[in-house]
Structures are given as C-alpha cells and as structure tokens.
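Let's walk through this model together, starting in one sheet and working outwards. Keep the viewer open and turn it as you read.

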Amino acid sequence: MPAKPVRRIALTGIGLALLLIIGLTLPGGLELRIIPVKGGAPLLVLPLAPGEPFTIHYYHSVENAPIWEVHSLDESGRIFIEEERYLKFGAGMGKMPGVGHMEKHGPYEAIKDMHMPTGDFILRIGSIGVDHTIFWRGTRSNLSVLAPHLAVQFSARPVSWLYRSWRHAFPHAATPSRIDQVKE
C-alpha cells in the first residue's frame, strides 16, 4: 500500500480517537435514576442540567393533602430539595429553622429557597391514592401506578457529552416523553 493512503488512514484514526476522547471527557449534564433498591431495571431515567428542577408530588398519608417537593441537582449530581408546597400544615410539615423562607399562596404554604442537600435518597412508593408522581419537563410519571410499595433509590451522576448525545438520539426506555403521557 502506498504511503499516502496509509498516512491518511492513520491521521483519520487519530482524529477519530481524539474526537472520542473529547466526547467522553466533555461534560454532558446529569442523569437522575430511580431504581428499585433490591435491583432491577430503572423505573425512570431523567436527563437533567445542573439546577434544572424535577418535582415529586404525592398525597400525605395522614392528612391526605397534596404535597409538592421541588428538587434539583448540582453539577456533581448531588440532589437538593429547593421547595416544599402543601395545602395545609400537616404531620411532619412546616418551617425548618434556618432553611428557606415561608410564603403563602392562597390556601397553599411553601418553604422556598431551601437548597438543602438530600444526597441520594430512598423512597418507599405509596399505593395508588398516595400517587407518588414525578413531574419533569412537562411529563408526569406516577410511580404508585408503576411500582406501588416498592423501595426505590433516587441517585444522580454526571454524564459525558458523548453519552448525552447518544441518549438524545436513542433515549433510555425509562425516560418519559410527552408522547408517552396518558391523562390520569
């Protein structure tokens, strides 16, 4: 084989290797996974940008009152609770000294600007009626329908630009889309 084609092939290979290395090292955002504690496939996989919110909504088991918990991730994938909203003061709800500030919006109370780290956490999904539901980018996923009474772990991690690009083209089976949404 002549030297020019060999050189061209070698340079192309080096260029592709450099692109691969860059794609694997450039930050691509974050991925939140909600996975059964005892193992198995993720119930949800949510691509997120640092600071982008996702909300857990449910009905309080004692008061049967609606509660919203707004969460976000920092650039390293740590989970924070940013806000809690609820219809009325109930068992386990209310102001936490030194955390955020209280606001009232009609019948609802909210603790805003909390930015309190939770880290990875485990949630026991309630039954239908408790309706643990995740709101993300205009989608709604009711975990109580998917896996009632199951303990799941919320955990997040940074992902590479290459991984994010791959998942943009080929979303994870557990990533909801607006097309998948069914009115409850």
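How many of the residues of strand S2 are buried? Five of the five are, so S2 is largely enclosed by the rest of the structure; buried here means under 20% relative accessible area, exposed means over 50%, and partly exposed lies in between, with a 1.4 Å probe and protein chains only. Before going further, please note that this is a predicted model, in which local features need pLDDT of at least 70, side-chain atom pairs count only at pLDDT 80 or more, and totals for chains, interfaces and linings use all residues. Residues are numbered from 1 along each chain as its sequence is written, and side-chain values use heavy atoms, with hydrogens and water left out.

Look at the two faces of S2. Leu44, Leu46 and Leu48 are buried on one side, and Val45 and Pro47 are buried on the other. This fits a general pattern: in a regular strand the side chains alternate between the two faces of the sheet.

Now widen the view to the sheet itself. It is open and has four strands in the order S2-S1-S12-S9, paired antiparallel. Strand S2 (44–48) and strand S9 (121–124) are at the edges with a single partner strand each, so one side of each has no neighbour in the sheet. Neighbouring strands of this sheet are turned by 25° against each other on average, direction ignored. Strands are DSSP runs of E with at least two residues, helices are runs of H or I with at least four, and both are numbered from the N terminus; two strands pair if DSSP finds at least two bridges between them. Strand S1 (residues 27–36) is joined to S2 by five bridges, and one of the partnerships links Arg33 with Val45 in S2.

Across S1, S2 and strand S12 (151–160) lies helix H3 (residues 161–169), running at about 115° to S12. Such angles run from 0 to 180 degrees between N-to-C directions, with axes fitted as lines to C-alpha atoms, for helices over the stretch in contact.

H3 and S2 turn up again at the largest pocket, as the elements that give two or more residues to its lining. The largest share, four residues, comes from H3. The lining has 16 residues in total, of which Pro47, Trp136, Arg137, His168 and Thr175 lie nearest the centre of the pocket. A pocket is an open set of points on a 1 Å grid over the protein atoms alone where a 1.4 Å probe fits, with protein on both sides within 12 Å along at least five of seven lines; lining residues have an atom within 4 Å of a point.

Elsewhere, strand S6 (residues 101–105) and S7 run antiparallel, joined by five bridges, with His101 opposite Lys112 in S7. The two form a hairpin with two residues between them, and Gly106 in the turn has a positive phi of about 60°.

Follow the chain on to the loop between strand S7 (108–112) and strand S8 (116–117), where His115 sits. His115 is partly exposed, with a relative accessible area of 44%. Leaving aside neighbours within four places in sequence, His115 is in contact (heavy atoms within 4.5 Å) with Phe80, Ile81 and Glu82.
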